[in-house]
Structure formats: C-alpha cells, structure tokens
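Subject: The structure, and what turned up in it

Hi,

Here is the structure I promised to hand over, with the sequence alongside. Have a look at it first, and then read on for what was found.

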Amino acid sequence: MGSPPGLAEAIARLAAWTDLWRQHDGDAYWWPGLVTPEQVGQQRVHPDLRPVASWCYGVAGTARAQQLAGMALRDPERKHTAEAAMLAVLRSPAQLGRLSSTGLCHGTAGLLHCAWRMAADATTPEIGAELPRLATHVTAQLTNSPAAPNPDLLDGTTGVALALHTLGTGRVPAPCWDSFLTVA
C-alpha cells in the first residue's frame with residue numbers, strides 16, 4: 001500500500017515553509033512558536049521570541065516534525081538539522097531552565113518524550129546519551145515542586161509518568177499512548 005497521491009509534495013511544501021522561518025542563534029537552530037502577519041511582513045522573527053523547548057510549540061515538537069519530514073522525504077540534511085537542534089536544546093542548561101513545568105505540553109516531560117522518539121530514529125547515539133540526564137532533571141523537578149500534584153495528561157503527573165515509563169521500559173505502552181502527540 002503506497003502513500004496517498006500528493007502526500008510527499010504536501011510534506012515538502014510544509015517543510016519548505018518551515019525552513020523559511022528556521023532561525024539560528026549562533027549555537028543552534030530553532031523555529032518560532034508562531035508566525036504573525038507582522039513577522040511575515042518584516043520577513044524576520046526577533047530572537048527574543050524564541051519559544052521554550054516544549055513539545056507543543058517549541059523546538060522539541062518542531063524538531064521532531066522536521067526529523068519525520070526528513071525521513072519521509074529521504075532528506076538526510078533536514079533530518080540532521082532537526083537532530084542537531086534537539087541535541088543543542090538537551091545540552092543547554094539555559095534552554096532546560098526555561099521549562100518551568102514538568103508536563104507533556106509545555107514542560108520537560110514533553111521534551112523528554114520527543115527526545116526519546118527522536119533518539120530512536122536518529123543517525124547518531126548522541127540524543128539517546130542525553131536522555132538519562134534529562135530524566136533525572138524531570139524527576140528532580142517533579143520531586144521539588146511545591147504545588148499539589150496535578151493528575152492531568154497534558155500538564156500533569158499522568159503525562160510525566162507515561163514519558164518516564166516509556167523511557168524506562170524502552171517502549172510505548174500499547175495502544176501507543178503518544179499517537180495524539182503526532183511524534184510517532
């Protein structure tokens with residue numbers, strides 16, 4: 001069974017648009033969390049608008065989407081750029097420090113899970129090598145949180161537990177709990 005007609009062209013068109021907005025700050029690539037009409041008019045994004053490294057609108061989710069696009073289009077350069085962007089985030093104490101919550105959507109668990117998925121498809125073992133340190137960071141954040149536990153999936157302990165369980169077991173519990181994140 002082949003791909004639907006036009007799928008590769010649609011992926012290439014979306015990836016090319018994302019390329020227009022890819023930024024580089026001297027250390028790593030990143031993508032804006034949104035592009036406003038004003039930014040389109042100026043053809044630039046101010047560096048202060050760099051989003052946190054979250055899954056939902058940050059570098060983690062966009063890097064994973066770019067890695068998947070690179071795989072679908074057989075574009076090793078796109079895949080490499082995405083993996084380098086994720087690796088730079090994982091190695092940056094400043095970027096990790098910007099993630100103040102532990103949740104899947106806006107927090108460190110989402111970064112951890114995206115990184116785990118990316119590591120499974122990465123060309124090098126470098127992303128995977130950063131996962132234990134990130135998991136330690138996530139659990140320390142969770143342990144040291146003064147707030148009462150929030151059981152929500154996206155922003156609470158349920159999502160954190162699933163991300164840590166997936167990392168710890170090396171597999172996504174069936175049925176693929178993360179399919180709604182479109183990281184699989």
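A salt bridge here means a side-chain nitrogen of Lys or Arg within 4 Å of a carboxyl oxygen of Asp or Glu. Please keep in mind that this is a predicted model. By that definition, the structure holds 10 salt bridges.

**Salt bridges**

Let me start with Arg 78, which forms a salt bridge with Asp 19; their closest N and O atoms are 2.7 Å apart. Arg 78 belongs to helix α4 and Asp 19 to helix α1, so this pair ties together parts that are 59 residues apart in sequence. How do the two partners compare with the solvent in mind? Arg 78 is buried, at a relative accessible area of 12%, while Asp 19 counts as partly exposed at 25%.

A second pair is Glu 126 with Arg 91, where the closest N and O atoms are 3.4 Å apart. Glu 126 lies in helix α7 (residues 126-143) and Arg 91 in the loop between α4 and α5 (93-97), so this salt bridge ties together parts that are 35 residues apart in sequence. Glu 126 is partly exposed, with a relative accessible area of 33%, and Arg 91 is also partly exposed, with 43%.

The pair of Arg 133 and Glu 130 stays inside one helix. Its closest N and O atoms are 2.8 Å apart, and both residues sit in α7, three residues apart, which is about one turn of the helix. Arg 133 counts as partly exposed at 42% relative accessibility, whereas Glu 130 is buried at 13%. Moving from pairs to groups, salt bridges that share partners join Asp 19, Arg 22, Asp 75 and Arg 78 into one network.

**Helix α3**

Next, have a look at α3, which covers residues 59-72. This helix has 14 residues and reaches 20 Å from its first C-alpha to its last, close to the 20 Å expected at 1.5 Å a residue. How many of its residues are buried? The count is 10 of 14, so to speak of α3 as mostly covered is fair. The buried residues include Val 59, Ala 60, Gly 61, Arg 64 and Gln 67. As for what they meet, the buried residues of α3 pack against α1 (7-21), β2 (29-30), α4 (76-90) and α6 (108-121).

**How α6 and α7 pack**

α6 and α7 pack at an angle of about 160°, and their axes are 10 Å apart. Are these two helices roughly parallel or roughly antiparallel to each other? Angles over 145 degrees count as roughly antiparallel, and α6 and α7 are therefore roughly antiparallel. The crossing in which α6 passes α7 is left-handed.

If you want to look at the contact itself, the α6 side is made by Thr 108, Ala 109, Leu 111, Leu 112, Ala 115, Trp 116, Met 118 and Ala 119. From α7 come Ile 127, Gly 128, Leu 131, Leu 134, Ala 135, His 137, Val 138 and Gln 141.

**Thr 102**

Thr 102 is worth a click in your viewer. This residue lies in the loop between α5 and α6. Is Thr 102 buried or exposed? Thr 102 is buried, with a relative accessible area of 14%. Leaving aside neighbours within four places in sequence, Thr 102 is in contact with Gly 107, Thr 108, Ala 109, Val 138, Gln 141, Leu 142 and Val 160. Among these, Thr 108 and Ala 109 appear in the α6 side of the contact with α7, and Val 138 and Gln 141 in the α7 side.

**Two residues with positive phi**

Most residues other than glycine have a negative phi. Which residues have a positive value here? One of them is Gln 43, with a phi near 55°. Gln 43 has its place in the loop between α2 (37-42) and α3, and counts as exposed at 56% relative accessibility.

Arg 74 has a positive phi of about 55° as well, although it is not a glycine. Arg 74 comes just after α3, in the loop between α3 and α4. At 76% relative accessibility, Arg 74 counts as exposed.

Happy browsing, and best wishes!

Key: Residues are numbered from 1 along each chain as its sequence is written. This is a predicted model: local features need pLDDT of at least 70, side-chain atom pairs count only at pLDDT 80 or more; totals for chains, interfaces and linings use all residues. Side-chain values use heavy atoms; hydrogens and water are left out. Helices (H or I, at least four residues) and strands (E, at least two) are DSSP runs, numbered from the N terminus. The expected span of a helix is 1.5 Å times one less than its number of residues. Buried means under 20% relative accessible area, exposed over 50%, partly exposed in between (1.4 Å probe, protein chains only). Contact means heavy atoms within 4.5 Å. Axes are lines fitted to C-alpha atoms, for helices over the stretch in contact, and angles run from 0 to 180 degrees between N-to-C directions. Angles under 35 degrees count as roughly parallel, over 145 as roughly antiparallel, 65 to 115 as roughly perpendicular and the rest as oblique. A crossing is left-handed if the near helix is turned anticlockwise from the far one by less than a right angle, and right-handed if clockwise.
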